[in-house]
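Hi,

Here is the structure I promised to pass on. Have a look at it first, and my notes follow underneath.

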Amino acid sequence: MEFDLEEKDLKNAYKLLSGLVTPRPIAWVTTLAENGSVNAAPFSFFNVFGSQPPIIAFAPGNREPGIPKDTARNLRRTREFVVNLANETLAEAMVACAASLPSGVSELEHLNLATAPSTSIRVPRIADAPVSLECTEWSTLEIGKNRLVIGLVKRIHVQDDILDSHNLHVNLENYRPIGRMHGPDGYTRTTDCFLIDRPD
Ligand SMILES: Cc1cc2nc3c(=O)[nH]c(=O)nc-3n(C[C@H](O)[C@H](O)[C@H](O)COP(=O)(O)O)c2cc1C
């Protein structure tokens, strides 16, 4: 099968790309609303793009044409955010944060999820998240109806039992990150990893 995203299949681009480019990591992004409440929302159009400097990007679309989601609106004002990463235990809470609550109402308070202060920015992180990246906005690209937020990572918080502090090896058994799969409700565990030797 071949699909023409320049012309006739463009209408199916979301279904095709989000269903086929899998698994995707999920950024569970916290931002600060104008009234000081902590907004949290998941975004699976997300990845890391470099380490020198350390950069990540995610893509919050508009809620309706011309109306940005709360995350994008908060970012425009504060230029700071935290990317929290979810594990199996937190997966349902992460997805529950996709509910459209009124602006200024915290998804985290609604779900009884605690926050912890960040060290380099004012936006708090999710206390129970196994990994949190404190970020500042480097730039936001508007490409057609897409918005690509590029962030500089300032600090990484990692739960002690998932990283060996000497060699920085990740303990997947303890981490248990999840990924986004096809369809609106598809997710994957990461409990079936395999190794392949790299050529020199
Ligand atoms: C797992 C998951 C991944 C999502 N990924 C995205 C995404 O990449 N971009 C996007 O605009 N919305 C995405 N959404 C929908 C947003 O999370 C949802 O619109 C949310 O209400 C936005 O919250 P906000 O208005 O507080 O920013 C995703 C939802 C889920 C459950």
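The main thing I found is an open sheet of seven strands, antiparallel in its pairing and ordered β2-β1-β7-β10-β11-β4-β3. Strands are DSSP runs of E with at least two residues, helices are runs of H or I with at least four, and both are numbered from the N terminus; two strands pair if DSSP finds at least two bridges between them. At the edges sit β2 (38–43) and β3 (46–51), each pairing on one side only.

Before I go on, two notes on the source. This is a predicted model, where local features need pLDDT of at least 70 and side-chain atom pairs count only at pLDDT 80 or more, while totals for chains, interfaces and linings use all residues. Numbering starts from 1 along each chain as its sequence is written.

Within the sheet, β1 (residues 27–32) and β7 (residues 80–85) run antiparallel and are joined by three bridges, with Trp28 opposite Asn84 in β7.

Trp28 also turns up in the largest nonpolar core (buried Ala, Val, Leu, Ile, Met, Phe, Trp, Tyr and Cys joined through C-beta atoms within 7 Å; buried means 20 or more other C-beta atoms within 10 Å, with C-beta atoms placed from the backbone). That core has 34 residues, and Trp28 is among those touching the most other members, as are Ala27, Val29, Phe43, Phe58, Val83 and Ala86. β1, β2, β4 (54–58), α2, β7, α3 (91–96) and β10 each supply at least two of its residues.

Cheers

Methods: Buried ≥ 20, exposed ≤ 12 C-beta atoms within 10 Å, placed from the backbone.
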